Amino acid sequence: MRPNNLQLMSLVFFSHGLFTNAMKLLVDIIVPSIVLKGKDALLECQYDLDDEGLYSLKWYKGNEEIFRFIPGEEFLSDRIKGFNLPGVNIIMEESDKHKILLHNVNFDTAGRYRCEIVAEGPSFQTMSNAQHLSVVQIPSEDPIITGGQLRYSIGDIVDVNCTSKDSLPAANLTWYINGEPVDRSYLRQYPLEEVQETGLQSITLGLQFKVRQKHFRHGGLKIKCLATLAALYWRSDERSAEPAAMTSSYNLHEHKAYAEVSPTSEDSRYWFFNIGSGSDCIFQGMAIVTVLNAACLMLRY
C-alpha cells in the first residue's frame with residue numbers, strides 16, 4: 001500500500017526532528033598542534049547540549065580512553081577518572097568536564113586526541129571531534145657555519161656547510177647571500193643524521209658558489225644560515241668576508257693601472273711596485289711609499 005500525502009508529511013517532519021536533535025550537540029575541541037617536549041599541553045572540549053543534560057564526557061588518544069567524566073556518579077572517584085598511557089600524564093586537579101591538562105609531554109604524547117560527548121537519555125546522542133597533537137624538540141644549540149675563508153677574490157669558490165643539531169623533526173635550513181635567498185643550484189644536500197638512542201636528528205646543508213663582482217657590490221661578502229622549526233624556533237649564524245686584496249685602480253686615458261705592494265725577499269726595507277705591465281719601481285723606506293707609488297704611476301703614463 002502506497003503512503004498517502006499525510007503520512008509522507010509526517011515522515012518528513014519526524015525525520016527533520018531527528019536531524020534537529022542530532023545537531024543539538026555541537027562539539028569543538030582545541031588541541032595545540034605543536035608542543036615543545038617537556039612542556040604542558042591544555043586540551044579543551046567545548047559543547048552545546050541545548051536543553052539536554054550531560055551523561056558523559058570522554059577523551060581518547062587513538063582508540064584508548066584516557067579520561068572520563070560522568071557527572072551522575074555518586075562518588076567523586078567514580079565521577080572523574082584518568083587512565084595511564086605511555087606519554088599521557090594527566091594532571092587530574094586541573095582537569096574537568098571541559099578540559100584536560102597533559103603534564104611534561106614527550107614524543108609518546110604525540111597522536112590523535114578525540115573528545116566524545118554523550119547526552120542524557122532518552123536520546124543518548126553522541127558527538128565527537130578530534131585533532132592531532134605533535135611534540136617537537138628544538139635544536140640543542142644554534143646553527144653553525146663551518147668552512148670558508150676570511151678573504152675571497154673574484155673567481156674563488158665559496159664552499160661552506162651549515163649544521164643544526166639534535167632536534168625532532170630536523171630544522172629547516174635556509175641560506176642567504178648579502179641578505180638575499182640563494183639560488184637553489186648553490187645548495188648541497190646531505191643525508192639526515194639520527195641518534196638511535198634518542199631519535200633526534202641533525203641536518204647539514206651546504207653552500208657552494210663562485211665569487212663574482214656583484215657579491216662585493218656593497219663592500220664585504222656576507223652569508224647567513226637560518227634554522228627554523230615550526231613557529232617555535234628561529235636562530236641563525238652569519239659570516240663575513242672581505243676582498244682578498246685592497247687594490248687601487250686608476251683610469252687615465254682609458255688605461256687602467258693596478259698597484260701591487262710587496263716587500264722584497266732580500267731586504268724588507270725595500271718595497272716593490274709593479275705598475276701594470278710596464279716598468280718596475282723600487283723605493284726604500286716605508287714612510288714615503290705611498291707618495292712615491294703615486295709618482296711612479298704618473299711617470300709610467
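Which hand does the link of C45 and C115 have, left or right? Left-handed, with -85° about the S-S bond. Keep in mind that this is a predicted model.

Let me stay with that link. The sulfur atoms of C45 and C115 sit 2.0 Å apart. C45 belongs to strand β3, residues 41-48, and C115 to strand β8, residues 111-119, so the disulfide ties together parts 70 residues apart in sequence. Is C45 buried or exposed? Buried, at a relative accessible area of 0%. C115 is buried too, and its relative accessible area is also 0%.

How many disulfides does a search of the whole structure find? Two. The other pair is C162 and C225, with an S to S distance of 1.9 Å. Here the angle about the S-S bond is -80°, and this link is left-handed as well. C162 is in strand β12, residues 157-167. C225 is in strand β18, residues 221-229. The two cysteines are 63 residues apart, so this pair links distant parts of the chain. Both C162 and C225 are buried.

Now the chain as a whole. It has three helices and 23 strands. There are 301 residues, and 32% of them count as buried. Next, contacts. Take those with a separation of 6 or more: 56% of them come from residues 24 or more positions apart.

Last, the surface. The chain exposes about 19200 Å². Carbon and sulfur atoms supply 52% of that area.

To recap the disulfides: C45 with C115, and C162 with C225.

Conventions. Residues are numbered from 1 along each chain as its sequence is written. This is a predicted model: local features need pLDDT of at least 70, side-chain atom pairs count only at pLDDT 80 or more; totals for chains, interfaces and linings use all residues. Side-chain values use heavy atoms; hydrogens and water are left out. Helices (H or I, at least four residues) and strands (E, at least two) are DSSP runs, numbered from the N terminus. Buried means under 20% relative accessible area, exposed over 50%, partly exposed in between (1.4 Å probe, protein chains only). Contact means heavy atoms within 4.5 Å. Accessible areas come from the Shrake-Rupley method with a 1.4 Å probe; for residues, only the protein chains shown count as cover. A disulfide is a pair of cysteine sulfur atoms within 2.5 Å.
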